[in-house]
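Biologist: Could you show me how to read the places where parts of a model touch?
Modeller: Gladly, let's look at it together.

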Amino acid sequence: MNAHLPILIIVIPLVAGMLAPLLAFFSAPMARGVVLASALAVFAGSVAALLRVLEMGHPWSYYLAGWPPPWGIEYVIDPLSGVMVTLVSFFAVLALDFAGPYLAGRSAREKGAFYALFMLTAGGLLGMCATGDLFNLFVFLEICSLAAYALIAAGGRRSVVAALRYLIIGSVAACMYLLGIGYVYVMTGSLNMGDLTILLPPLLDSPAGILAVVLIATGLAIKTALFPLHGWLPDTYSYTPAPVLAFIAAITTKVSAYALYRIFYFVAETAGPVSATLEVLGWLAAAGILFGSLMAIAQRDFWRMLAYSSVGQVAYIVLGLAIGNSLALIGAVLHIISHAVVKGLLFFIAGSVKWQTGIRTIPEFIGMARHMPLTMGAFLVAAMSMIGLPPAIGFFSKWYLVLGAVEAGRWVFVAVLIISSLLTAVYFFRVIEFAYLKGKRPEDVPEAAVLPPKTGPELPARMLVPILVLSVGAVVLGILNEPLIQNVIQYALPWRLP
Amino acid sequence: MAEGVIAYYLTGYGNWWLIGILLLIGLWGIVAQHNLLKKVMALNVMQVAVILYYLNAAQKSGTTLGVLRAGEKVGDVAAYVNPLPHALMLTAIVVALAITGVALALLLKVYRAYGTLEEPEVFRRMQQQ
Amino acid sequence: MNELVLSNVPLWAVLVSLVAAGLILLLDKQPNIREAVTMVAAVIKFTLVLSMLPTVLAGGVVEATPLYIAKDIALQFRVDAFGLLFALLASGLWIVTSVYSIGYMRSLNYGHETGYFASFAVCLSAAMGIAMSGNLLTFFIFYEILTIATYPLVIHRRNSEAVIGGREYMVYLLVAGQVLLIAVAWAHYLAPGVGFTPGGFLADTGASLLALQILFVLFIIGVGVKAAIIPLHGWLPTAMVAPTPVSALLHAVAVVKAGAFAVVRVTGFVFGPELMAELQVGTILAWFAAVTIIFASLRALSEDHLKRRLAYSTVSQLSYVVLGAALATPAAILGAMFHIVAHAFMKITLFFCAGAIYATSHKEYISQLDGLGRKMPFTFGAFTVASLAITGMPLMIGFISKWNLGVGAVEAGQPVFIAVLVGSAILNTAYFFPIVYRAYFGKPQEEAAHAGQQAAHDHHGHYADHGEARPAMLYPLLITATMAFLLGILPNLGLHFWDLANMAVDEVVKGGLWLAGRG
């Protein structure tokens, strides 16, 4: 059992997902129990796998059906993918828990469909993280994307259009990625990441190599929503149901960024076309950080503001990859964790505010602090982390990025990171001002629009728990970032640093 | 003249160019077409181009398919086309099919919700609500 | 030579008020217990800080390294003489301010005091952290926490004026914080993981002079906003919309003092006097300080709003500290350090008086104060003492720091700054004594008309007839005024501020020697 852990953490959610509709047909609570139990099992398994890898001191390879590479598919758990699967499965548990009240009152068939799609998304993402094969990565990318398209479409009339647009753009991205690894395959005759670390680097500096790198980078950049390829993101994030969105926003873009990191730094090496591509990605990321923050300031809709903020924040990760020294890479990996925690938290908050009060636009937040005190308290923590104020984790990921940029002498990137913090502060303080304003309201808002103080519990416990867990986590992870880096992230750096 | 073109197509890079053109047609369709259904069709064209790319890469002249009939023994490996891209593309075709299925389902929902598949018109009607 | 004592007392001193803040939030519904928590925490904190005094006076350094906060950087508390000076000051004045706050808030009924007392406690934690931090990142973390924790205090009144003031406050301080972040990251890159070192640590890093000059500018912009050096002072008068105890905290104890403290830390413990002389940045900074001193005093003259006049006075006084740090001679640094103490006692007294006047009579403009000195003799007595001290009258606390600054200016070979000090003293007299004069000798405005007008504003009616401020406000301001007087005669009284400042100066001046002794 234990020896098969790397494949179990992928198979369990896929099987549970496929069983869910069937189980829901008999009993919805049973389906829910099975799905939640399997998510918990996957989380436990991920943690166990991560701990075991850290103990072993070398990556844990698993050959599917016993076929060794390059014939069979290999799954690799190393500290980096271990962190990623832990993050994905943790958020799967939280989002499933949060989804409870959302699903109450839906028919058993709808519940079954939701659980099935959700677990397929989770399974696909876990597969993307754990696989050691480029083509397998494509397959899992499509599994998670397909399920995600369907989940997004469940948010009503507008979300259907958003989902269709995302589907078309996402499929183009997947096509480009597939064509890119096609070139890699033609050049080297292998798609196994371990093989390619030896085979690929000498061949990269050729027309085919350049095409491969550019195509892979473009495909994954679309999936990461890197400016200017972010077009699908704001619409998608604005109309998706909250539990799904918290999961998707927290995880999917980050997993694509992880794939970029894995391929460029672990499989290929940062020289020739890869470093040139990373340079371009770095400047795009810098532009994206500023663009995302500025667009977020311009939004009235809370959800859309968070969506544009995602465009900016995800670019931090790419910026870290582009700077490319060990401090910046630590920053990038830490930011994957930090932004997942905080953006997940923010969308949980946005979802529960909408669920409780029906409010989406920022000017309607007047009095929210007294109406939902704990939720808005968590929002303060999230805002601190997003702005990058200590001791929240967002500060520390930014600290390493800034430090890396200073070390590399990239002063423009330092300036971008700093300016972005300030712009982020602008749009978060706007929400805080509205939420904590009391008594005085702007002239154009009627008295009735001010929310009354809280009476009774502000949220069902199952929605409140994920919010509190994440907000406490954002601070605890911030204070304990050094042990995290020393014991885990340090080993998630590529073995050939430039 | 015509023979030269055919010979180039068969022995030179002709088919690679065609695949490239096919890919770009697909991409152009996705970017330039206003009709969502046409976009999905263009997406399919693009996927087919990528599939053809792999199959083309697997091809070697003077070889046969890597299928063993009963009683045959494995001969020289060089006598067979590379079976791996074919296997990969089987998966890719299934994926493309699934995407098309989901896309069609979504198209249906869009049409039911807005009564049109022209993207600008859909956006216009979204604004009105 | 220097004894290194490893102890977690500094950590506890920081955590006490954080825990208190949590308790205060939980005790939302029981105001009496809630305020008891504040008082108990204040006393415990002061006791903890005080317990480190003998060690430090004996030449020791208390150090605590509870955990590593970032790769290669520890969360390090290092209490040296200068840090303890500020820590003692802040924790001691917190007790006084808490008593005063309780009286003030109960007089005015703003509501939602829970958040107020909680933020206050967090501010104090941050101030302790700033005072005792041993390296730049630890310092920066507490510096930013202080910024955030003060924001709810500034917008406490929740009206649009407060919100706009809060916005301006946040813009200035967040920008400064981010600039400081670059500086801290850069300094860490130049000298990885080095903590504050008396005499500076950036000299042998091999960075070019130009780079170090830019770094110095970044540091000064970063900390200069809190220290309100012109042209970075704009937030301070705007932040006067906060309730008066907050202004007292902002101006005497925590925020601006943290800025002034940071200027001295940067000049004395990051760059060091020698490197500053080499970079030729000290004189420029000194001129900025001089302009600030004079300009802010002139600006104060034309303010009718009492708290805003005090705010400009603060801007002016803080630059005394900056001036001393910039001149960087022993006497000048001594003056700067002691002025942190001196100004704290003087300005907190003045703000307490302003708050007492407002809470008792609802008057906040100087032109309304005619004759009030006869109704509130103790309050105005304290006000007079503090005003005299601030003008630098001998036998008062302000004289000691100014005298040393003057000596420092001569030492630095730039006696022109003495003229600045004298000019400032004259201006101080010019903007404080009219207040005192009006209060004692001014003719009260037509009481009847006034009362009638106030009766129209129904709830203001009961302010028309009033006497002295309530005891919870009166005693704190009498205590601080007395201290301002006594410390002028006996600067070492009780808490050894004078000795601490002298020891700190010795360390900075002897920087290299001191290190050698330790190693």
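Modeller: We will go through the contact between chains, and then the contact between domains. Keep in mind that this is a predicted model.

Biologist: How many residues does the contact take from chain A and from chain B?
Modeller: Start by counting residues on each side, where two residues touch if their C-beta atoms lie within 7 Å. Here chain A brings 22 residues and chain B brings 26 residues.

Biologist: Which elements give two or more residues to the side of chain A that touches chain B?
Modeller: Next, assign the residues to elements. On chain A, these are helix H5 (134-153) and helix H6 (157-188). H6(A) gives the most, with 15 residues.

Biologist: How do the residues of that side of chain A divide into nonpolar, polar and charged?
Modeller: On the side of chain A that touches chain B, 17 are nonpolar, 2 polar and 3 charged.

Biologist: Which domains does the assignment give for chain A?
Modeller: The domain assignment splits chain A into domain 1 (1-132) and domain 2 (133-492). Their C-alpha centres lie 21 Å apart. Their contact takes 33 residues from domain 1 of chain A and 42 residues from domain 2 of chain A.

Biologist: Which helices of chain A each supply at least two residues on the domain 1 side?
Modeller: Helix H3 (79-103) and helix H4 (108-130) of chain A do. H3(A) gives the most to this side, with 16 residues. The residues on the side of domain 1 that touches domain 2 of chain A comprise 24 nonpolar, 7 polar and 2 charged.

Terms used: Residues are numbered from 1 along each chain as its sequence is written. Chains are lettered from A and ligands numbered from 1 in the order in which they are written. This is a predicted model: local features need pLDDT of at least 70, side-chain atom pairs count only at pLDDT 80 or more; totals for chains, interfaces and linings use all residues. Helices (H or I, at least four residues) and strands (E, at least two) are DSSP runs, numbered from the N terminus. Ala, Val, Leu, Ile, Met, Phe, Trp, Tyr, Cys and Pro count as nonpolar, Asp, Glu, Lys and Arg as charged, and the others, Gly among them, as polar. Domain bounds come from an automatic or database domain assignment.
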